[in-house]
Amino acid sequence: MVNQRLIWDKNERKIIFSWDWRRPIRRGRETNALGKLVQLTEGVKLHERADRWRWKNGVEGKFSVGKLRKYIADQKQGDVQESFDWINWVPLKVNCFAWRLKQSRIPVMCKLANRGVNVETKTCQICQQEEEEVDHTFFRCSHAVEVWNWFSSWYGLMQVLPTSFKSMVEEIRKGAGDMKTRKLGLALAYIVLWTIWKTRNGAVFKKKKARSMNTADEIQQMSFNWIKTRARFSWLKWCDWGCKPSISCNM
Ligand SMILES: [Zn+2]
């Protein structure tokens, strides 16, 4: 028991150890660990009173939701360009996916391997050319490049193909003249990312060949349905949507 090994010496006013080893301490790792433990507990003062939780940001260690909100807001200050646009024209699952992607938290092969998951291969199953990193799958893989190429000519307001989530958002912001166009651009871009991931999963788990034109068709279909109903653009027509989404949305 820990409390039998650690004794508070009232006279010396410090912790003393009362060891009772079953066998001698081995040299190397065990001796080092013991040394670290002694070092860590140096200067620790034990009190007679019972343990209690203390919140380091509160007055007298007391927790409050208001203080927590302020703490989070303070952390975020000066980080405006890092904010994420939540777009209600696409479902929450698509927004959450994009938000995770922004933080590079997508379980691609390299991420899984880094977390100690035993993956068969780290190679991208679509192009078989490079390791499957987040930016590779969504922006640099031949499939992704073809999809973004198609998207760029369909959407029409992107000058440069994106190479990362950040550059994608910047490109959309640059190309869009007003808030509504920007919202449409981001909504479509999130759908592109979502669909690329669906295609990737088909290639990995069902061994389906990733074809950019199929991905593009799916993007067009899905975005038409979601934006027509969610943005309440009842006048939207499928035949116009295929030409230029921003024009058919009257932007
Ligand atoms: Zn690839």
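Student: Let me start with a single side chain. Which residues does Leu193 touch, not counting residues up to four places away in sequence?

Tutor: Good place to begin, with the reminder that this is a predicted model. Setting aside residues up to four places away in sequence, Leu193 touches Phe97, Ala98, Leu101 and Phe138.

Student: Where does Leu193 fit in the bigger picture? Which residues touch the most other members of the largest nonpolar core?

Tutor: To read a core, look for the members with the most partners. Here the largest nonpolar core has 40 residues, and those touching the most other members are Ala187, Ala189, Tyr190, Ile191, Val192 and Leu193. At least two residues of this core come from each of α4 (92-102), α6, α7 (142-155), α8 (165-175), α9 (179-205) and α10 (212-230). Helix α9 gives the largest share, 11 residues.

Student: Let's zoom out. How many helices and strands does the protein have?

Tutor: There are 12 helices and two strands. Going along the sequence, the order is α-β-β-α-α-α-α-α-α-α-α-α-α-α. For overall shape, compare the radius of gyration with the globule rule: the protein comes to 28 Å, well over the 18 Å that the rule gives for 251 residues, so it is more spread out than a compact globule. The C-alpha trace spans about 85 × 45 × 25 Å along its principal axes.

Student: How is the chain divided into domains?

Tutor: The domain assignment gives domain 1 (2-41) and domain 2 (87-248). To see how they are placed, take the distance between their C-alpha centres, which is 56 Å.

Student: What about helix α2: buried or in the open?

Tutor: Count its buried residues. Of the 13 residues of α2, the number buried is zero, so this helix lies largely in the open. You can also check its length: α2 (residues 29-41) reaches 18 Å from its first C-alpha to its last, close to the 18 Å expected at 1.5 Å a residue. After α2 comes Gly43, with a positive phi near 85°.

Student: Which residues other than glycine have a positive phi?

Tutor: Two to look up are Lys207, with phi near 55°, and Arg232, also with phi near 55°. Next, ask where each one sits. Lys207 is in the loop between α9 and α10, while Arg232 is in the loop between α10 and α11 (238-241). For exposure, count C-beta neighbours, with 12 or fewer meaning exposed. Lys207 has 8 inside 10 Å and so counts as exposed. Arg232 is exposed as well, with 10 other C-beta atoms within 10 Å.

Student: And Phe224, what does it touch, not counting residues up to four places away in sequence?

Tutor: Phe224, a residue of helix α10, touches Trp238 and Trp241 once those sequence neighbours are left out. With 19 other C-beta atoms within 10 Å, Phe224 is partly exposed, because buried needs 20 or more.

Student: Over the whole protein, what share of the residues is buried?

Tutor: Buried residues are 24% of the 251. For contacts, look at separation along the chain: among those with a separation of 6 or more, 48% join residues 24 or more positions apart.

Student: Finally, where is confidence lowest and where is it highest?

Tutor: Read the average, then the extremes. The protein averages a pLDDT of 88, and 96% of the residues score at least 70. Confidence is lowest in helix α1 (residues 2-5), with a mean of 76, and highest in helix α6 (residues 134-140), at 97.

Terms used:
Residues numbered from 1 in each chain as written. Predicted model: local features only at pLDDT ≥ 70, side-chain atom pairs only at ≥ 80, totals over all residues. Helix = DSSP H or I, 4+ residues; strand = E, 2+ residues; numbered from the N terminus. Rg over C-alpha atoms; globule rule 2.2 N^0.38 Å. Contact = placed C-beta atoms within 7 Å. pLDDT = per-residue confidence, 0-100. Domains from an automatic or database assignment. Expected span 1.5 Å × (residues − 1). Core = buried A, V, L, I, M, F, W, Y, C linked by C-beta atoms within 7 Å.
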